[in-house]
Amino acid sequence: MLPFNPAQHPLFGHPMARGMVLPEFRGTLAVAEELDCARFHPRFVSEEFDEEPTCWVGDILLFLRDGHGPYIVDQDIKDTSSSFELPTIGVTLRTDLSRLMTKERARHKVQEVLYRDVGIPTRRIAGDEVNPILIGNLYQLHAWSRRKASLNASQQEHLLDSLREGMDKGASAWEVLKLLELSHGYPTYHSKIVMYQAIWIQRLRLELLSARLWIDEPMVPEVRRVVDEYGHWFSRGEK
């Protein structure tokens, strides 16, 4: 939730932020007044109290770390780029779309300024901006990310070395895994766990942006790093 009154920086009290000078939030009320859009600030009325301000709700506040220490990124996430201008939730035939769009732009601007004032960048992320091939590959990899493999550390290293060698020769992962099952008794199911988890943590670098992870197709070495394509969504603000 975005604080409507002055509040501490999200890193306040974090052990890794000890010694850091952390500015405080001004609050969305003050920011909205400054931007001349206080009329759009959310409020509630109850039987016990007069009209009182309440919080706007954001999406994701990421706590990250790099060589300069801990930092935070505010991620504003929608399914499509157009949703940043015109929300689809709660819209009816009676909705004043013009006013709704103005209200939505005001909310996004207040959110951006609120966080920018304390050194937190806001990154807009839309689902329709993500490579669809990458989405399919990540779904597949994530499905294998929590499974347990029976192969020991030495067997896993042998498996990954064999996959890298097979990739250099234009082989499919299936060919390599079946060969290892015949020659070394590695169960194919558990070999697949090791393989997909190695791709997930980038120990086995296959192309994820332009080639689907079909197990019976030749493995394609990494051409473009995913982090190079989308790393700006996770980068810190200007120091």
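Let's start with E3 and E4. These two strands pair in the antiparallel sense, over seven bridges. They form a hairpin, with two residues between them. One thing before I go on: this is a predicted model.

Two pairs give you a feel for the register. Ile60 has Gln75 in E4 as its bridge partner. Arg65 has Pro70 in E4 as its bridge partner. Find those two pairs on screen and you can trace the hairpin.

Now the other neighbour of E4. Strand E4 covers residues 69-78, and five bridges join it to E5. Here the strands run parallel. Again, two pairs to look for. Asp74 stands opposite Thr122 in E5. Ile77 stands opposite Ile125, also in E5.

Put that together. Three strands make an open sheet, in the order E3-E4-E5, and the pairing is mixed. Which strands stand at the edges? They are E3, residues 60-66, and E5, residues 122-126. Each has a single partner strand, so one side of each is left without a neighbour in the sheet. As for twist, neighbouring strands in this sheet are turned by 35° against each other on average, direction ignored.

A general reminder while we look at strands. In a regular strand, side chains alternate between the two faces of the sheet.

So how many of the residues of E4 are buried? Nine of the 10. That is why E4 is largely enclosed by the rest of the structure.

Next, the helix on this sheet. Helix H2 takes in residues 97-116 and lies across E3, E4 and E5. Against E4, H2 runs at about 175°.

Is the length of H2 right for a helix? Let me put that better: what span should its 20 residues have? At 1.5 Å a residue, they should span 28 Å. The end C-alpha atoms of H2 are 28 Å apart, which agrees.

Now burial in H2. The buried residues are Glu104, Ala106, Arg107, His108, Val110, Gln111, Val113, Leu114 and Tyr115. Note that charged names such as Glu104 and Arg107 are on that list. What covers them? The cover includes helix H1, residues 28-34, together with E3, E4 and E5. Keep the helix repeat in mind here. An α-helix has 3.6 residues a turn, so residues three or four places apart point the same way.

On to the pocket. The largest pocket holds about 470 Å³ of space. Its lining has 22 residues. Nearest its centre lie Leu134, Leu138, Trp200, Leu208 and Val226. Which elements give two or more residues to that lining? Three helices do: H3 (132-144), H6 (188-200) and H7 (226-230). H3 gives the largest share, five residues.

Stay with H6 for a moment. Ser191 sits in this helix. Its relative accessibility is 0%, so Ser191 counts as buried. Setting aside neighbours within four places in sequence, Ser191 is in contact with Leu151, Leu159, Leu177 and Tyr186.

A second serine, this time in a loop. Ser172 lies between helix H4, residues 153-168, and helix H5, residues 173-184. Buried or exposed? Ser172 is buried, with a relative accessible area of 5%. The cut-off for buried is under 20%, so 5% falls inside it. Not counting residues up to four places away in sequence, Ser172 touches Ile215, Asp216, Glu217, Pro218 and Met219.

Last item: backbone angles. Two residues deserve a look.

Take Asp36. Asp36 is not a glycine, yet it has a positive phi of about 60°. You will find Asp36 in the loop between H1 and strand E1, residues 43-44. At 59% relative accessibility, Asp36 counts as exposed.

Then Gln202. Gln202 also has a positive phi, about 65°, although it is not a glycine. Gln202 is in the loop between H6 and H7. Its relative accessible area is 42%, so Gln202 is partly exposed.

To recap the sheet: E4 pairs with E3 in the antiparallel sense, and E4 runs parallel to E5. Helix H2 lies across all three strands, E3, E4 and E5. And for the pocket, look to H3, H6 and H7.

Technical notes
Residues are numbered from 1 along each chain as its sequence is written. This is a predicted model: local features need pLDDT of at least 70, side-chain atom pairs count only at pLDDT 80 or more; totals for chains, interfaces and linings use all residues. Side-chain values use heavy atoms; hydrogens and water are left out. Two strands pair if DSSP finds at least two bridges between them. Helices (H or I, at least four residues) and strands (E, at least two) are DSSP runs, numbered from the N terminus. Axes are lines fitted to C-alpha atoms, for helices over the stretch in contact, and angles run from 0 to 180 degrees between N-to-C directions. Contact means heavy atoms within 4.5 Å. Buried means under 20% relative accessible area, exposed over 50%, partly exposed in between (1.4 Å probe, protein chains only). The expected span of a helix is 1.5 Å times one less than its number of residues. On a 1 Å grid over the protein atoms alone, a cavity is a set of points where a 1.4 Å probe fits but cannot get out, and a pocket is an open set with protein on both sides within 12 Å along at least five of seven lines; lining residues have an atom within 4 Å of a point. Grid points are joined across faces, edges and corners, and a volume is the space filled by probe spheres set on the points.
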